[in-house]
Amino acid sequence: MADSDLYTNDGTVDIHKKPANKKKTGNWKACRFILGNECCERLAYYGMGTNLVNYLEKRLGMGTAKAATSVSNWSGTCYATPLIGAFLADAYLGRYWTIAIFSIVYVLGMTLLTLTASINGLKPHCDSSGCNATASQRAACFVALYLIAIGTGGIKPCVSSFGADQFDETDETERKKKSSFFNWFYMSINVGALIASTVLVWMQMNVGWNWGFGVPAVAMAIAVVFFFSGSKLYRLQKPGGSPLTRIAQVVVASIRKCKVKIPANKSLLYETADEECNIQGSRKLEHTNKLGFFDKAAVESETDRAKELPSPWSLCTVTQVEELKSVIRLLPIWASGIVFATVYGQMSTMFVLQGNTLDQHMGPNFKIPSASLSVFDTASVLFWAPIYDKLLVPLARRFTGHERGFTTLQRMGIGLALSIFSMVVAGILEVVRLGTVRKNNYYDLEYIPMSIFWQVPQYFIIGCAEVFTFIGQMEFFYDQAPDAMRSLCSALSLTTVALGNYLSTLLVTVVTKVTKKNGNLGWIPDNLNRGHLDYFYWLLAVLSVINFLVYLWIAKWFTYKKATGRAQ
């Protein structure tokens, strides 16, 4: 059997740093540990984060708007810290060790959060009049939350890419399996979220926050055990050195050679003669015509030829130049995900607060916490993900001829369109709810006699949109990222969620400030019966329409990367 049949050609190695054997490593046998790890980690994250707005409002004594913005800021940070973890993974540690180290930080954060809700002195004092949290108790809680944000920063950008690394992209059979992996990966996230938004949220509201936070902490510890259990089966991509340094070298070399003429024959641009790329863990990239200014970095000058080893700050390979071009081409697609993430973020803030005003009874004796309605988002994902993989892809393949049915850009666009309808449905419900309030003078009634299950459609539509946009985004950023920058580009895609949360915070802050002028209560007062939350939903729907139209224009002009050769 030839080495190419026995070992992977994408540069991956096993845990002992030897070339990865196709029969003994990778594929679904390794992925089951990664999927199990992700399921438990997401159970921990959502079990703690889904109902966090209610914990901050009721136990730490924050107002409605402040609790919502605090959750948005924390959630945003959880999606911004992956840039740090991704850089360390791509440059120095590799994805395996980055996940391992940051998982420990995550467990420490979860343990501290559990202690702040369990131990006298750390947990707020509560009586019949409410809860009173001291400044030090709030500080301890937020230290725990931001330790979790740091921990998740090393896991989020690496786990999906680490899972995809288990399939050799140079092997046609394994490459087809990789597309299904992203669907099953997102399903495992939502299985964890399903348990979190039902069992754990109910536990927090009815048993106690000590158990409500303690169980997620144990789930995170189990996630770590799952991850290490599969170590012998994993394929590891070798870190390729600092991607930021390589990007900086191309920019500097291009500027230094700004007056150099680019040859008409692009094969004259500088590239290593070997089949293997000189960047560890990366394949070569073919030249593309757009963003031609940066090609100047690969033009050999007389000075470069005179040196046996030209400075990487004056001469770069075509692959290095194409790395930068690939990242720049991703940025407009990345930006179009921010508004979608803002819409998605409403599930943990405005949807919960809206649900707090509705009748939460399910039968005469059982009340469903408003945060638990996110279970319908999760159920939607669990419903649509296998349908997309098993039915829609084969059906679409007949018409498009594309091996994945839809291109990743088409898939994301469908999700963006669906997100508009989720805001329209949420806005219509709020119009009806406020109409009931005005008609019956329910302004000071805590619960309006409308079932909370009227919120189900808006959650279900967002879940469907996720299957298209978020899974498509994961696959797109993995595929179109340079081989040695996949963690960083996965982190880049996650920052859309961070910026979406920050945009949500900004919108709430601006809307509150503007609409409270002249003594008005504003759109989002503490008593939503006297506000206009529907206006906020209409604002998001309009922003989503504009974003979708811009996305269509961006996608039309996108150039896909072209990898060639094999990784070293």
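Let me begin with Leu291, which is partly exposed, its relative accessible area being 33%. This residue sits in the loop between strand S3 (284-285) and helix H10 (302-306), and its phi is near 55 degrees, a positive value in a residue other than glycine. I should say straight away that what we are looking at is a predicted model, in which the protein chain has a mean pLDDT of 85, with 97% of its residues reaching 70 or more. Confidence in the chain is lowest in helix H1 (residues 3-6), where the mean is 65, and highest in helix H17 (residues 533-556), where it is 92.

A positive phi turns up again at Asn441, which is not a glycine either and has a value of about 55 degrees. Asn441 belongs to the loop between helix H14 (408-440) and strand S5 (448-451), and with a relative accessible area of 59% it is exposed.

Let me turn now to two of the helices, starting with helix H6 (residues 135-164). Its 30 residues should span 44 Å at 1.5 Å a residue, and the C-alpha atoms at its ends are indeed 44 Å apart, although H6 also carries a kink of about 35 degrees, centred on Cys158. Because 22 of the 30 residues of H6 are buried, the helix is largely enclosed by the rest of the structure.

Helix H15 (residues 456-480) can be described along similar lines: from the first C-alpha to the last, its 25 residues reach 35 Å, close to the 36 Å expected at 1.5 Å a residue. H15 bends by about 35 degrees at Glu466, and it is mostly covered, with 22 of its 25 residues buried.

Next, the charged pairs. Side chains of opposite charge can pair when their charged atoms come close, and a search of the whole structure finds 10 salt bridges. Where in the chain do the partners Asp295 and Lys325 lie? These two side chains meet in a salt bridge at 2.9 Å, N to O, and the pair links distant parts of the chain, with Asp295 in the loop between S3 and H10 and Lys325 in helix H11 (residues 318-345), 30 residues apart. Both Asp295 and Lys325 are buried. Another salt bridge joins Arg95 to Asp90, with 3.4 Å between the closest N and O atoms, and here too Arg95 and Asp90 are buried.

The side chains of Asp444 and Arg530 also form a salt bridge, at 3.1 Å from N to O. Asp444 is in the loop between H14 and S5, while Arg530 is in the loop between helix H16 (486-515) and H17, so this pair ties together parts that are 86 residues apart in sequence. Asp444 counts as exposed, at 65% relative accessibility, whereas Arg530, at 38%, counts as partly exposed. There is in addition a network of salt bridges that links Glu38, Glu41 and Arg42.

Finally, the surface. Trp202, Val207, Trp211, Met362 and Phe366 make up a nonpolar patch there, with about 510 Å² of accessible area together. Of these, Val207 lies in the loop between helix H7 (172-206) and helix H8 (209-229), and its relative accessibility of 47% makes it partly exposed. Pro364, in the loop between strand S4 (358-359) and helix H13 (374-400), is exposed, with a relative accessible area of 74%. From Pro364 to Asp10 the separation is 354 residues in sequence and 60 Å in space, C-alpha to C-alpha.

Note on methods. Residues numbered from 1 in each chain as written. Predicted model: local features only at pLDDT ≥ 70, side-chain atom pairs only at ≥ 80, totals over all residues. Heavy atoms only, no water. Patch = residues over 30% accessible without salt bridge, like charges linked within 9 Å, V, L, I, M, F, W, Y side chains within 5 Å. Areas by Shrake-Rupley, 256 points an atom, 1.4 Å probe, with all protein chains shown as cover. Salt bridge = Lys/Arg side-chain N within 4 Å of Asp/Glu carboxyl O. Helix = DSSP H or I, 4+ residues; strand = E, 2+ residues; numbered from the N terminus. Buried < 20%, exposed > 50% of the residue type's maximum accessible area, 1.4 Å probe, protein only. Expected span 1.5 Å × (residues − 1). Bend = angle between axes of the 7 residues up to and from the residue. pLDDT = per-residue confidence, 0-100.
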